[in-house]
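The following exchange examines how several descriptive terms are justified for one protein chain. Each reply sets a computed value against the criterion that applies.

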Amino acid sequence: MAISSSNTALPFKPHQQQLFRSNNQFSAPLIGQKTKPITSLDRQKLATRSHTIPRVLSKPTDSVPFSLADFQTEAKDNEQKTHEPKSPPLTDTWREIHGESDWVGLLDPMDALLRSELLRYGEMAQACYDAFDFDPFSKYCGSCKYTRRQDFFTRLGMADSGYDVSRYLYATSNINLPNFFKKSRWPKVWSTNANWIGYVAVSNDERSKVLGRRDIVIAWRGTVTRLEWIADLMDYLRPISSDKIPCPDPTVKVESGFLDLYTDKKENCNFCKYSAREQILTEVSRLIEMYPNEELSITITGHSLGSALALLSGYDIVETGINVLGDSRAIPVCVFSFSGPRVGNVRFKERVERLGLKVLRVVNVHDIVPRSPGFIFNESMPQMLMKAAEGLPWSYSHVGVELALDHKNSPFLKSDGDLVCAHNLEAHLHLLDGYHGKGHRFVLASGRDPALVNKGCDFLKDHYMVPPHWRQDENKGMVRSADGRWTQPDRPKLDEHPNCMLRRLRQLGLGQ
C-alpha cells in the first residue's frame with residue numbers, strides 16, 4: 001500500500017540534508033531549490049548514513065522544541081543516559097536476528113542490531129515504491145523506472161546496500177484486486193496485463209562477509225493508491241492447496257485475493273506468462289544452486305499488501321522444500337513484515353509455525369490495515385470462540401511475533417495524522433528508529449532523517465517546514481530533445497523472464 005494519496009517517491013534519499021540553520025532562523029529546505037544538477041555520485045554521498053549523528057531525544061509527553069537543532073542539543077546533554085551497549089558482530093548473532101529463537105529478549109528493550117537490520121530491510125521494501133512508475137501519463141506506468149537491474153540500487157541512492165538485484169518480479173492484473181495495479185493512459189504501452197511488483201536480490205561478497213552468510217532477499221511492493229484495496233478484498237478464505245501449493249492439510253486457508261495475486265498468470269503476456277509464485281521459486285532455486293558451499297539465508301520483506309505476499313512466498317518456499325539442501329540442512333527463512341494485513345486462518349498460522357518459518361511483524365497501533373481482514377473473528381477473541389468460528393470463511397489469525405509501535409510517541413509527528421499517514425512505510429521506519437522498548441523515551445538511534453517521513457504524505461509537524469509529498473521525478477520524467485521539444489524518452493527494453501524458466505519449473509515439478 002502506498003504511503004501517498006497521490007505520488008510515491010523519487011529515487012533519492014537525502015539522509016544528511018541540513019533542513020534548518022542552527023541559529024533557529026528557518027531556512028528553506030534544499031528540496032526544490034535551483035541548484036546545479038545532482039549527479040549519481042552526489043546521490044550516493046547523500047544516501048550514506050553517518051552513525052555519529054547526535055541522537056534525538058524526547059519523552060512522549062514533552063513539549064516539542066522549535067527546531068531540529070534543539071533536539072540535537074538535547075541529545076548531547078543526554079548522551080550518557082541513552083547510550084546503548086555495543087552489540088556483538090552480526091556474523092556471530094545473525095541467526096538470532098533472523099528469528100531462530102523468535103526474537104525472545106530482543107524486542108523489549110529493543111536490540112540495537114535487530115533495529116538496524118529491520119531498518120535495512122524496511123528500506124529495501126521502500127525501494128519498491130521509490131522505483132515504481134505510478135504516473136498514468138507515462139507510457140511505462142506500472143513498470144520499474146530502472147530497466148537495468150544492475151543500476152537499481154545506485155539509481156535509488158543505495159549504492160552501498162551490498163546487494164545485487166538478480167530478478168524483477170511481475171504479476172497479472174487479471175484478478176479481483178484492481179487497486180493494486182496502475183495503468184497508463186497511453187494507447188500503446190509496455191504491457192496491458194502486467195505490473196512490476198518487486199525484486200529478488202542477493203548479497204555480494206563484501207556484504208556477505210559482514211552478514212556472516214550469503215543473504216537472498218525478496219522484496220514485495222504494496223499498493224499505490226490510498227487504502228481502497230481493503231474494499232477490493234474478496235474477504236473469504238479458501239484452501240491454499242486449491243492453487244496447487246502442496247499443502248497436505250485442506251483446512252489450511254488464506255485470503256482468496258492474496259492467493260490469486262500470488263498464483264495467477266496470463267500466458268499471452270510476456271511479463272506475466274509465469275505467475276509471481278513461479279518466478280520466485282525458480283529464482284530462489286537458481287540462487288541456491290549458485291552458492292552450494294556457502295552459508296545461506298532467505299529474507300523476505302514487504303509493506304502492506306506486499307507483506308501479505310511476503311508471508312505467502314515465505315510459506316511456499318518452506319512448504320515446497322525449496323530451502324532444503326541435498327544434505328537435509330534447511331536454509332533459514334524469515335519474513336520481516338511492515339504494516340501487514342492478516343493472511344490466513346488459524347490452521348495457516350499453525351502450519352507456518354510447524355514448518356519453521358519465522359515472521360516478525362512491525363505495526364503502528366493506530367493503523368487499520370493490520371486489523372483487516374477478520375475485523376470480528378480473529379486471534380484476539382477467546383480461544384473457545386475462535387475454535388467455534390474456525391470453519392467460517394471470515395475467521396483470520398495473524399502469524400508470527402508482533403512489534404507494536406505508536407506514532408503518538410514521536411515528537412516529530414502529528415498525533416492526529418490520517419489513516420494514510422498511520423500506514424506510511426517511511427513513518428514506520430522513523431518510529432522503529434526511535435523505539436527502545438515499552439515505556440522508553442523516543443530516541444532516533446541512527447540519526448535517520450525525519451524529513452523522509454514526508455516523502456509521500458503530510459505527517460511531520462508543520463513547524464519543521466518540510467513540505468508534504470516532496471519527493472517527485474525531475475520534470476516528471478520529461479526531457480528536452482535536440483530540437484527543443486519536451487518529450488518522454490523511450491526506455492531500453494524491459495526485462496522479461498530468463499530462457500531457463502521452463503526447464504527450472506520442470507525441475508521443481510511445476511512445469512506444464
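Q: What makes a residue partly exposed rather than buried or exposed?
A: A residue is buried under 20% relative accessible area and exposed over 50%, and partly exposed in between. The model discussed here is predicted.

Q: Why is Leu392 called partly exposed?
A: The relative accessible area of Leu392 is 31%, and the range for this term lies between 20% and 50%; Leu392 is therefore partly exposed. Its place is in the loop between helix 12 (383-388) and strand 10 (401-405).

Q: Which residues form a nonpolar patch on the surface with Leu392?
A: Tyr236 and Trp394 join Leu392 in this patch, and together the three have about 290 Å² of accessible area. Membership requires over 30% relative accessible area, and Leu392 has 31%.

Q: Why does Ser143 count as buried?
A: Its relative accessibility is 1%. Buried means under 20%, so Ser143 is buried. Ser143 is located in the loop between helix 4 (112-130) and helix 5 (152-155).

Q: What makes the pairing of Ser143 with Arg491 a polar contact?
A: The side chains of Ser143 and Arg491 are in polar contact at 3.1 Å, and the limit for such a pair of N or O atoms is 3.5 Å. The side chain of Ser143 also reaches the backbone oxygen of Tyr140, at 2.6 Å. Beyond its neighbours within four places in sequence, Ser143 touches residues including Trp190, Trp196 and Leu494.

Q: Why does Ser297, in strand 7 (residues 296-303), count as buried?
A: Ser297 has 0% relative accessibility. The cut-off is under 20%, so Ser297 is buried.

Q: What makes the pairing of Ser297 with Arg213 a polar contact?
A: Their side chains meet at 2.8 Å, and the criterion asks for N or O atoms within 3.5 Å. Arg213 and Ser297 are 84 residues apart along the chain, with their C-alpha atoms separated by 6.8 Å. Among the other contacts of Ser297 are Trp94, His98 and Asp215.

Q: What makes helix 4 mostly covered?
A: Of its 19 residues, 17 are buried, the term for under 20% relative accessible area.

Q: How do you know that the reach of helix 4 is close to the expected value?
A: From first C-alpha to last, helix 4 reaches 26 Å, against 27 Å expected at 1.5 Å a residue. At the N-terminal end of helix 4, Asp111 acts as a cap, with a side-chain oxygen 3.1 Å from the backbone nitrogen of Leu113.

Technical notes:
Residues are numbered from 1 along each chain as its sequence is written. This is a predicted model: local features need pLDDT of at least 70, side-chain atom pairs count only at pLDDT 80 or more; totals for chains, interfaces and linings use all residues. Side-chain values use heavy atoms; hydrogens and water are left out. Helices (H or I, at least four residues) and strands (E, at least two) are DSSP runs, numbered from the N terminus. Buried means under 20% relative accessible area, exposed over 50%, partly exposed in between (1.4 Å probe, protein chains only). A polar contact is a pair of N or O atoms within 3.5 Å; within protein, one must be able to donate a hydrogen and the other to accept it, and residues adjacent in sequence count only if both atoms are side-chain atoms. Contact means heavy atoms within 4.5 Å. Patches are made of residues with over 30% relative accessible area and no salt bridge: like charges are joined within 9 Å, nonpolar side chains (Val, Leu, Ile, Met, Phe, Trp, Tyr) within 5 Å. Accessible areas come from the Shrake-Rupley method with a 1.4 Å probe; for residues, only the protein chains shown count as cover. A salt bridge is a side-chain nitrogen of Lys or Arg within 4 Å of a carboxyl oxygen of Asp or Glu. The expected span of a helix is 1.5 Å times one less than its number of residues.
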